[in-house]
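Reader: I am in my first year and still learning to read a structure like this one. Could you take a single part of it and go through that part slowly with me?

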Amino acid sequence: MKDRIILGLHFNSSDPSATLIVNDEIVAIAEEERFSQIKHAFNQFPSKAISYCLSRGGINVTDIDCIAIGRDVPAFPTVVAEHFLQVWQNFKPIGSQALKAHARIISQHPPELFRKQLEQQLFRGIDKVNYPEIIYVRHHLAHACSAYMLSEFANATVVTADARGEVDATNIWSAEGDKITHIQEWNIPSSLGWYYTKFTSWFGFEPHDGEGKLMGLAAYGEYKRELDEKVQEVLHLTGDNNVYAIGQRFFLGEFTDDNNPYTEEWISMFGQPRSVRDDSNFSKYHQDLAFAVQLNLEKIGLALVAHGITQTGFEKVCLAGGTFMNCKLNGKIAQLVGPDNLFVQPLAGDNGISLGAALAVYLSKGWDWSGRLNHTYYGPEYSDLDIGNALDKRNLRSRKSQDIAQETATQICNNKVVGWFQGRMEAGMRALGNRSILANPKNPLMKDIINKKVKFREPWRPFCPSILDSEYQKYSAEGGELPFMIVATDALDGVKDSLPSVVHHDNTMRPQIVRKNTNPLFYELIEFVKQLQGDGVILNTSLNLRGKPIACTPDDAIDVFLNSEMDVLVMGSYIIEKASTNV
């Protein structure tokens, strides 16, 4: 039987990516930012990601049966324009800045542009009769498929939420067997993504990038009724089947100026926005306001899931969409439904749309799909020969190890900050043990050291623990498989004292539970750490510098090493050390 080959694509937006599926196997997932080393690779065509996917699969473009694009491009501009006309009729007067933004959205995805890009970037030199079939997939359906089809649940309530798809921003789906049925949607401006991103920007963080910073800052705040009431003016629960409503005037009204996307009422309620260049400490007011913003999102998210379960009758829950990159929210949902009843697709943002679009085509064609997503190691890998050549070109002294896991464990337990570059690169925002910076979680100074000297980022930002599966119950009473650092859990009493650099200010942690069958070398490394200091846990963060994507190639890893105060870089069998330093 001929192979079934699907290439999923996401482009003309932020986080372009490509996914190759052959028969019922994910062969490759790649984000263009990793190859260009430009974070989010906004509006770049994923040419290098596609090239990698085809190379990994050993195929040519003409071998592809179908190209799945995770956007309903034919809906632009007519269907999208009709929606905004209705918005403009229902809300008057529309602010001039909102009108300009809506016009950009309407014209953002013309079908002829997509076709032209494919012909110029992918089909060049190919006769039109040999073009693969092109299928456009509704954006949120791609999110829904990526969540449900990779969960291995027989049925589930699926919730998708982000800034927007075509005109929709939040959806509930009923999934059973090989069918995903749409139940309910919320259209822009009723967007949880718009809500959280607007506050992200106001706090001085980069929109569509700094939302995790806002979530991290919220841990330092506390509940204040006055702030909670103000935030609910922007977004609030309705207590009925609508679940939530957004304060449209804050998104559609007249802003103070083109460079300040806030209404006079917003500024009166919350104050002037912080500059993105303001690195000063956040005041108690800002911490408490961040707490209120996060708490409100959690209330809405929990209500959506509960409402969805009522609508579908299915207690298992699958989540995707950029809103569910919020691990604190996901942790609350896990507590609501039970961790074994929850699957959060780890590429929940738009970087996972190419994956979801390819899966949606599988579903639409009636092809069988089975299997839970247990890891994200679908990127490029490099041999010792590749690594050695990269080191030689940079004139870096190194040595080869006969036991790389044991030697690296010793470095970590000696309080060295270690870059770890092994195997196939992870897809998604989290480093899961192949493109990582590793350190000793027992050292109370380590969080500050890495934030200041390696990541060059805000001092209050937390780090995650990678934990052996056999050890996890020592640190949290909450169950679940948790392989992706995307669900926050509460640490048990005393864990913050013993592992101070991986437990956040609010006593939560974002764990990766490591299993031997998914990453044997990383598992072996953590086992050696346990032998040396008693805990099968290490601090794990992504191998990159502030403002840059995760390292893809040996050269990228070397750049991180040379441009930070990292002590050791371990790549394949090679160990590269800087001058001896003690923490």
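Author: What follows is a close look at one helix, at what lies over it, and at some of the aromatic rings in the elements around it.

Please keep in mind throughout that this is a predicted model. The part to begin with is helix 9, which runs over residues 225-234 and has L227, D228, V231 and V234 among its residues as buried ones. When you look down the axis of helix 9, these buried residues fall within an arc of 100°, and therefore they line one face of the helix. On the face turned away from that buried side, helix 9 carries R225 and E226, which are exposed.

The next step is to ask what covers the buried residues of helix 9. The cover includes four helices and two strands that you can find by their numbers: helix 7 (192-202), helix 10 (249-252), helix 11 (264-270) and helix 12 (284-312), together with strand 9 (235-237) and strand 10 (244-246).

Some of these covering elements are also linked to one another through aromatic rings, and the structure as a whole holds 25 aromatic pairs. In one of them, the ring centres of F199 and F270 are 5.2 Å apart and the ring planes stand at 75°, and because pairs with planes over 60 degrees apart count as edge-to-face, this pair is edge-to-face. The pair links distant parts of the chain, since F199 belongs to helix 7 and F270 to helix 11, with their positions 71 residues apart in the numbering. F199 is buried, at a relative accessible area of 0%, and F270 also counts as buried, at 3% relative accessibility.

A second pair, formed by F250 and W266, is edge-to-face as well, with 5.8 Å from centre to centre and 75° between the planes. Here F250 lies in helix 10 and W266 in helix 11, 16 residues apart, and this pair too links distant parts of the chain. Both partners are buried: F250 has a relative accessible area of 0%, and W266 likewise has a relative accessible area of 0%.

These four residues can then be placed in a wider picture, for ring pairs link F199, F250, W266 and F270 into a cluster that also includes Y195, Y196, W202, F203, F205, Y262, F282 and W460. If you now return to helix 9, you can see that helix 7, helix 10 and helix 11, which are among the elements covering its buried residues, are also where the rings of the two pairs described above are found.

Technical notes:
Residues are numbered from 1 along each chain as its sequence is written. This is a predicted model: local features need pLDDT of at least 70, side-chain atom pairs count only at pLDDT 80 or more; totals for chains, interfaces and linings use all residues. Side-chain values use heavy atoms; hydrogens and water are left out. Buried means under 20% relative accessible area, exposed over 50%, partly exposed in between (1.4 Å probe, protein chains only). The arc is that of the directions from the helix axis to the C-beta atoms. Contact means heavy atoms within 4.5 Å. Rings of Phe, Tyr and Trp (its six-membered ring) pair if their centres lie within 6.5 Å; planes under 30 degrees apart count as stacked, over 60 as edge-to-face and the rest as tilted.
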